[in-house]
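Dear colleague,

I am passing on the structure we spoke about, and below it you will find what came out of going through it. Please keep the structure open beside this message as you read.

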Amino acid sequence: MTGIVKLKEVTKVIKGRTIIDSISFEVHKGEVFGFLGPNGAGKTTTIRMMVGLIGITEGDIEIAGKSIKSEFERAVHHIGAIVENPEMYKFLTGYQNLVHYARMSNGVSKEKIKEIVELVGLTERIHEKVKTYSLGMRQRLGLAQCLLHEPDVLILDEPTNGLDPAGIREIRDHLRFLAREKNMAVIVSSHLLAEMEMMCDRIAIIQAGKLIDVQPVQNFTEGSENAVAFEVGDAVKAIQIMKAQHPDMNIKQIDDRILIMIPKKKVPEMVSMLVGNQVDIYSVQEVTKTLEDRFLELTGGKEGSIHA
């Protein structure tokens, strides 16, 4: 599958300091692609280069086969973006704002504006002034603005910042709909781990300007080994038996539960061993690895703050 967005060895140097260090990845149509990293990791700088707000020091970015560096207007024609916060004329209505922005693109009809308004769920409030809108409504109006010219790529920098849980869910549902039903490539940057896990198909992790990894979400959260929790009658005895048979095994005790890192296929063998040594087992439960767990493994738990 060919990516509609391609970053090729992109580097950004500001005042002698390397902010982005030779990163490369592709984003495909029909997916929500997460750009995840701590505050200050370089997410916004990368997005600013992708939409042409700042120059690229080395490398190139292609949008639908067009270079941001050498074919800027043809490249950005395919992009709809909100970098940081959507800016609106608060003294105008939502509809008046959209009409104003529609004049900047060719062929945006009133029917198209109506369709976009319905898509983002603003039909009932679109003729009210933006100054009366909640933050979530302004985000949805910003999303409508991005979609007026029917872009192939939607780029949003921290789109759920400041939203309440209901607003976050609304934005998440809209983005997944656009990717799946409209076949758009949606790129979302965030430092919110749990939100990215629910929203994205693939995730790129960036730390201190370097790309750490790019994987489907399930690859981050599914490994060959997961933690398995055994609830037992005698935890001390169970640990002694386990260590005698497997001295290198990673074993943790939490109250009467024992957490061990083993492949799923090894669980029956472990159960048989404990039962054979007269250890009562009350439950066996797989503890699924979260995106937060994987992020901390990959980054060593350093470099800025990141929130689940």
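Of the 308 residues of the protein chain in this predicted model, 46% count as buried. The accessible surface of the chain comes to about 15,500 Å², and 47% of that belongs to carbon and sulfur atoms. Along its principal axes the C-alpha trace spans about 80 × 50 × 35 Å, and the secondary structure comes to 11 helices and 14 strands. If we look at contacts between residues at least 6 apart in sequence, 69% of them join residues that are at least 24 apart.

Let me begin with the sheet of six strands, which is open, has mixed pairing and follows the order E6-E7-E8-E3-E9-E10. Strand E6 (79-82) and strand E10 (210-216) stand at its edges with a single partner strand each, so one side of each is left without a neighbour in the sheet. On average, and with direction ignored, neighbouring strands of this sheet are turned by 15° against each other. As general background, strands of a sheet pair through backbone hydrogen bonds, either parallel or antiparallel. Here, strand E7 (residues 153-157) and strand E8 (residues 185-190) run parallel and are joined by five bridges, and within this pair Ile155 stands opposite Ile187 in E8.

Two helices can be placed against this sheet. Helix H5 (residues 135-147) packs on it and touches E6 and E7, with a direction that makes about 160° with that of E6. Helix H1 (residues 43-50) lies across strand E3 (32-36), E6, E7, E8 and strand E9 (202-207), and runs at about 145° to E7.

Helix H5 deserves a closer look. With its 13 residues, H5 reaches 19 Å from its first C-alpha to its last, which is close to the 18 Å expected at 1.5 Å a residue. How many of the 13 residues of H5 are buried? The count is 10, so the helix is largely enclosed by the rest of the structure. Among these buried residues are Gly136, Met137, Leu141, Ala144 and Cys146, and what covers the buried residues of H5 includes E6, helix H3 (94-102), helix H4 (110-119), E7 and helix H6 (165-181).

Arg140, which lies in helix H5, is a useful residue on which to practise reading accessibility. Its relative accessibility is 12%, and because buried means under 20%, Arg140 counts as buried. Leaving aside the neighbours within four places in sequence, Arg140 is in contact with Val120, Gly121, Leu122, Glu170, Ile171 and His174.

The second sheet to look at has four strands in the order E2-E1-E4-E5; this sheet is open too, and its pairing is antiparallel. Its edge strands are strand E2 (17-27) and strand E5 (66-67), each of which pairs on one side only. Strand E4 (residues 58-63) pairs with E5 in the antiparallel sense over two bridges, and the bridge partner of Glu62 in E5 is Ser67. Helix H1 packs on this sheet, where it touches strand E1 (5-14), E2 and E4, and its direction makes about 115° with that of E1.

Two loops of this region hold residues whose backbone angles are worth checking. In general, most residues other than glycine have a negative phi. Lys15, in the loop between E1 and E2, has a positive phi near 50° although this residue is not a glycine, and with a relative accessible area of 86% Lys15 is exposed. Ala64, in the loop between E4 and E5, is not a glycine either and has a positive phi of about 50°. Is Ala64 buried, partly exposed or exposed? At 29% relative accessibility, Ala64 counts as partly exposed.

Finally, there are the aromatic rings, of which the structure holds three pairs. The rings of Phe25 and Phe33 have their centres 5.1 Å apart and their planes at 20°, so this pair is stacked. Both Phe25 and Phe33 are buried, and together with Phe35 they form one aromatic cluster.

With best wishes

Definitions and conventions. Residues numbered from 1 in each chain as written. Predicted model: local features only at pLDDT ≥ 70, side-chain atom pairs only at ≥ 80, totals over all residues. Heavy atoms only, no water. Pairing = 2+ DSSP bridges. Axes fitted to C-alpha atoms, helices over the stretch in contact; angles between N-to-C directions. Contact = heavy atoms within 4.5 Å. Phe/Tyr/Trp six-rings, centres within 6.5 Å; stacked < 30°, edge-to-face > 60°. Buried < 20%, exposed > 50% of the residue type's maximum accessible area, 1.4 Å probe, protein only. Expected span 1.5 Å × (residues − 1). Areas by Shrake-Rupley, 256 points an atom, 1.4 Å probe, with all protein chains shown as cover.
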